[in-house]
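Visitor: Could you take me through this structure in a few questions and answers?

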Amino acid sequence: MNYLSDLITIMSINSYTKNKDGVDKVGKHMSRWLEDLNFQKNSYSRELIGDHLLFLSKKRNGTKILLLGHNDTVFPPDTFESVTEDEDWIYGPGACDMKGGNIVALQALRNIFITNKEIHNIDFLLVSDEESGSDDSKFVTSYIAKNYDICFVFEAAGENMEVVTQRKGVGTFTILIEGKAAHAGNSYDKGIDANLEASFKLQDLVKLTNLDLETTVNVGKINGGIGANTISPKCEITLEIRYTSNDEKQRVLKGIDKIVDKSYINGTISTVAGSIQRDVMQENPNQLDLITQIEKITNSKILTEKRGGVSDANIVASCGVTTLDGFGPFGDGDHTVKERALKSSFQARIDLMTKILAHFQNND
């Protein structure tokens, strides 16, 4: 299992999203291994974050496939850098999120290359800022997505090796409320209380939550006022929305606008900033047809699941590409110092993806 040695090599490099040098070092290893398979590298160079890397194969008629991963992790230097293993598990930063998934994709491509001596119609995109929201790479991913029919994303598999057919959309917004400062003792009635306005807005924002439809609106942070003896002149609300359908997205966005425009306390003025970070990945007939096709190709049952968390699968899916996520190994503890991946799940996923890619290489 030399691929586990490759995994240990890249897990041993700190590649926190803001550690450009570390992310690029991981990218150099992946580049060398993929260029050995005759992929041509297209780098999207960045000054403050790691470069995004697109590895291109030769093209001919047939289904065009994009494999998608990321080289960054959530761990700043000196917070979690040890890599260990026992008989069943491998532990370390990125074990399942998602250097382990990148290795699954790499090894499947190696298997195809060994058999066919070439790879065509399969490209591999590795971005550098997924863990911070893909604020930069989403433009690259969205731009190239139009070139593909299918996208496989290598985030971790489910506990029963499920693939992911749906992920919630997510957006973050900040509402700035301006009131008027006044002495709380001498001029109470001359002030316009921004904090009080925020309290009314908070309650109406939370009412936009619909748990039956899995829509949530969370006001996670409020920052306002000067001190106990001053009517608050400013208050800032930071909120996140998550939703499972475009209809719900539109409902919530209209609701937020209505709440921002309404002054519960006369004299307050409110503005909102923010955006949808990753749009919803909705389960759709094309996905289900692809799963049926994969079951025939691999002669196996493919289990599916829906997840509340987001990934770059959301970006590609929102561009109309048939997208399935969760082709990495099974693991847990991601985003914690207990992150690990189950060794046996690597070979299972490599075998699965090798069969899938071989089918499209040899029968399309």
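Guide: What follows covers a sheet, a helix and a few single residues.

Visitor: Before that, what kind of model is it, and how are residues numbered?

Guide: This is a predicted model, in which local features need pLDDT of at least 70, side-chain atom pairs count only at pLDDT 80 or more, and totals for chains, interfaces and linings use all residues. Residues are numbered from 1 along each chain as its sequence is written, and side-chain values use heavy atoms, with hydrogens and water left out.

Visitor: Let us start with the sheet; what is the strand order?

Guide: The order is β11-β13-β9-β14 in an open sheet of four strands with antiparallel pairing. Strands are DSSP runs of E with at least two residues, helices are runs of H or I with at least four, and both are numbered from the N terminus. Two strands pair if DSSP finds at least two bridges between them.

Visitor: Which are the edge strands?

Guide: β11 and β14 are the edge strands, each pairing on one side only. From one strand to the next, the twist averages 15°, where axes are lines fitted to C-alpha atoms, for helices over the stretch in contact, and angles run from 0 to 180 degrees between N-to-C directions.

Visitor: How many bridges join β9 to β14?

Guide: Nine bridges join these antiparallel strands. F173, for instance, has G274 in β14 as its bridge partner.

Visitor: On to α6; which of its residues are buried?

Guide: E248, K249, V252, G255, I256, I259 and V260 are buried in α6. Buried means under 20% relative accessible area, exposed over 50%, and partly exposed in between, with a 1.4 Å probe and protein chains only.

Visitor: Why do they count as lying on the same side of α6?

Guide: Because they cover an arc of only 135° around the axis, these buried residues are on the same side of α6. The arc is that of the directions from the helix axis to the C-beta atoms. D247, K254, K258 and D261 are exposed on the face turned away from the buried side.

Visitor: And what covers the buried residues?

Guide: The cover includes β9 (169-178), α5 (194-206), β11 (216-224), β13 (234-243) and β14 (269-278). Contact here means heavy atoms within 4.5 Å.

Visitor: Changing topic, where is E283, and is it buried or exposed?

Guide: E283 lies in the loop between β14 and α7 and is partly exposed, with a relative accessible area of 31%. Beyond its neighbours within four places in sequence, E283 contacts T165, Q166, L288 and K306. The side chains of E283 and T165 are joined by a polar contact of 2.7 Å. A polar contact is a pair of N or O atoms within 3.5 Å; within protein, one must be able to donate a hydrogen and the other to accept it, and residues adjacent in sequence count only if both atoms are side-chain atoms.

Visitor: What about T298, buried or exposed?

Guide: T298, in helix α7 (residues 285-298), counts as buried at 8% relative accessibility. The T298 side chain reaches the backbone oxygen of I294 at 2.8 Å.

Visitor: Finally, which backbone atoms lie by the side chain of S345?

Guide: A polar atom of the S345 side chain lies 3.0 Å from the backbone nitrogen of F330, and the backbone oxygen of L342 lies 2.6 Å from a polar atom of that side chain. S345 belongs to helix α9 (residues 343-363) and is buried, with a relative accessible area of 3%.
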